[in-house]
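Me: Please take a close look at one part of this structure, the place where the two chains meet. Then set the other charged pairs beside it.

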Amino acid sequence: MNAYEQYIAFTTLVSKEIRRYLRIWTQTLLPSAITMSLYYVIFGNLIGSRIGEMGGRSYMEFVVPGLIMMAIVTNSYSNVVSSFFGAKFSNSVEELLVSPVPNYIILWGYIMGGVSRGLLVAIIVTTVSLLFTSLDIYHLGIVVAVVTLTSILFALCGFINAVFANSFDDISIVPTFVLTPLTYLGGVFYSLDLLPEFWANVSRANPLVYVVNAFRYGVLGVSDVNIGFSFAMIGGFAVIAYWYCMYLLRTGKRLRS
Amino acid sequence: MIPALSITGLEKTYDNGFRALKGLNLEVAQGEFFALLGPNGAGKSTTIGVISSLVAKSAGKVLVHGVDIDEDFPGAKKYLGIVPQEFNFNVFEKPEDILVQQAGFYGIPLSIARERTKHFLGQLGLAEKSSTPARMLSGGMKRRLMIARALIHAPKLLILDEPTAGVDIEMRRSMYDFLREINAAGTTIILTTHYLEEAEALCRNMAIINHGEIVANTSIRELLRDLNKESFLLDCQVPLPGTITVEGFHVAKVDEHTIEVHIEKGQDLVQAFEGLKQQGIKVLSMRNQANRLEQMFVSVLERQA
């Protein structure tokens, strides 16, 4: 395939992915808006008003970046895992596998589907958050870079999960038992400074800590961890995940007999 | 001329140790309408899987229009259109979207993709269903949708894995006409089927695959010539006598108005008619008792055993 044909294949795959989640927007976009509104009301307003300040900001201001990032992580992951597993389950993935589309186009097509959903949900959730608090962006470049890198990373993780999943149960195990607990323990609702030293150090082994804090730094200018190190962690994980996804596609593991 | 498909020494051993293909060799010339026959589990679908890249081969060489799949699989795939046995499209999508997307995966610009989609949906009688979710289509319509999808990038080699399974007779015939048409226009077609009369009606040459090996590869006419015996059912004017014998022929009374006659290779059917006529039996019509190709198929497998 020449470059133009690859471009057509890529845009076809991305638009297919976008059409898929827009077609079922009540399952893909609406739940995040409702869930985050509840978080804002309960943690930000009702409980937050009694907590006072955290990291030098009101509690509402403190939790908003973490909650936005939580929505991005969940949605970019869910989009790829459900779409690719669905294609595998219905065998429609064969449409792609028998075509001359190079593996990296297949992967980037799914990644961009996940990234676009993550970004769209981020816009929705951010808009909802403006009903509860005002948001001043401290560093737009960092915000854009963190959001992009994070959604790419979790889209890749979703892809790996989809390749290995045998049933629809398998695609909900990781989000339920791994992603959600790590996000909650990743400093969305609290600053690591509040934890005893031992638990603060344990928390630093959680990759979500770097994701949440890097984004919070871009929005508020405060972070529990070094921002450069955070970028290195997110970027490093993304490179490893990308390499592994390409390996899975190249070898056809769990995709070809 | 470069063959449309050339397979040499193809081997496939699955992880559980099962050898599905044992050094299979096959060559299909350009412009052929070729049948690949074999019992269930013979290796037909595995062969198609290897050609289409859904199954990784253990050894051997596959060339599609001279392009080695090991050296340039994307290049080889451009020549290939595959209609698999199982439905493998997203049933929640509309036929027009399925076709346009598939064209996109082959790098075909949207305007051309839309044109071709309209053309093939019309040709295969799906125009009215172009915006209906695929899950709402009948089994026959789904099969035709898969054929349209396989043709959207104008492949030079079309491989159909049991394309008429579950399709009613009327629709099957219109599908035959359509396939003959695209074959006449230059597309090489390889067909696997369990309806052996289908292969007889459509294909000039055929190969029989059994236990992962090609056991026969010649023209259908040639193979039928090898048949030693054929059975005919004769519908006769009633009443028939209690016992019927015709010298040199094995004849049996099936019911009050039907006689079964076995004709061995070299025997003259007219002699059998003569013998019956002498006994006052008038034959009104005649038909094959069993599909000739089926008999041939069984005899080839028996010979191999």
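Reply: The contact between the chains comes first, then one loop residue, then the salt bridges.

This is a predicted model; local features need pLDDT of at least 70, side-chain atom pairs count only at pLDDT 80 or more, and totals for chains, interfaces and linings use all residues. Residues are numbered from 1 along each chain as its sequence is written, chains are lettered from A and ligands numbered from 1 in the order in which they are written, and side-chain values use heavy atoms, with hydrogens and water left out.

Start with the layout of chain B. Its domain assignment gives domain 1 (5-224) and domain 2 (226-304). Such bounds come from an automatic or database domain assignment. The centres of the two domains of chain B, taken over C-alpha atoms, lie 38 Å apart.

Now the interface. Contact (heavy atoms within 4.5 Å) links 26 residues of chain B with 23 residues of chain A. The size of an interface is often given as the accessible area lost when the parts come together. Here chain B and chain A bury about 2300 Å² between them, and 54% of it is on carbon and sulfur atoms. Buried area is the accessible area (1.4 Å probe) that two parts lose on being put together, summed over both. On the chain B side, Leu54(B), Asn88(B) and Phe105(B) lose the most area to chain A. Together they account for 31% of what that side buries.

Next, the polar side of the interface. Chain B and chain A have 8 residue pairs in polar contact, both residues at pLDDT 80 or more. A polar contact is a pair of N or O atoms within 3.5 Å; within protein, one must be able to donate a hydrogen and the other to accept it, and residues adjacent in sequence count only if both atoms are side-chain atoms. Two helices of chain B, H2 (73-79) and H3 (95-105), each supply at least two residues of the side that touches chain A. H3(B) gives the most, with 5 residues. Helices (H or I, at least four residues) and strands (E, at least two) are DSSP runs, numbered from the N terminus. By class, that side of chain B has 13 nonpolar, 8 polar and 5 charged residues. Ala, Val, Leu, Ile, Met, Phe, Trp, Tyr, Cys and Pro count as nonpolar, Asp, Glu, Lys and Arg as charged, and the others, Gly among them, as polar.

His65(B) sits in the loop between strands E4 (59-64) and E5 (67-68) of chain B. It is buried, at 10% relative accessible area. Buried means under 20%, exposed over 50%, partly exposed in between (1.4 Å probe, protein chains only). Leaving out residues up to four places away in sequence, His65(B) touches residues including Ile2(B), Tyr79(B) and Lys156(B).

Last, the charged pairs. A salt bridge is a side-chain nitrogen of Lys or Arg within 4 Å of a carboxyl oxygen of Asp or Glu. The whole structure has 10 over all chains, and 3 are counted between chain B and chain A. Lys78(B) forms one with Glu5(A), with the closest N and O atoms 2.9 Å apart. Glu61(A) and Arg57(A) pair at 3.9 Å, N to O; Glu61(A) is buried at 19%, whereas Arg57(A) is partly exposed at 27%. Arg180(B) and Asp177(B) meet at 3.2 Å, N to O. They are 3 residues apart in helix H6 (residues 169-184) of chain B, so about one helical turn separates them.
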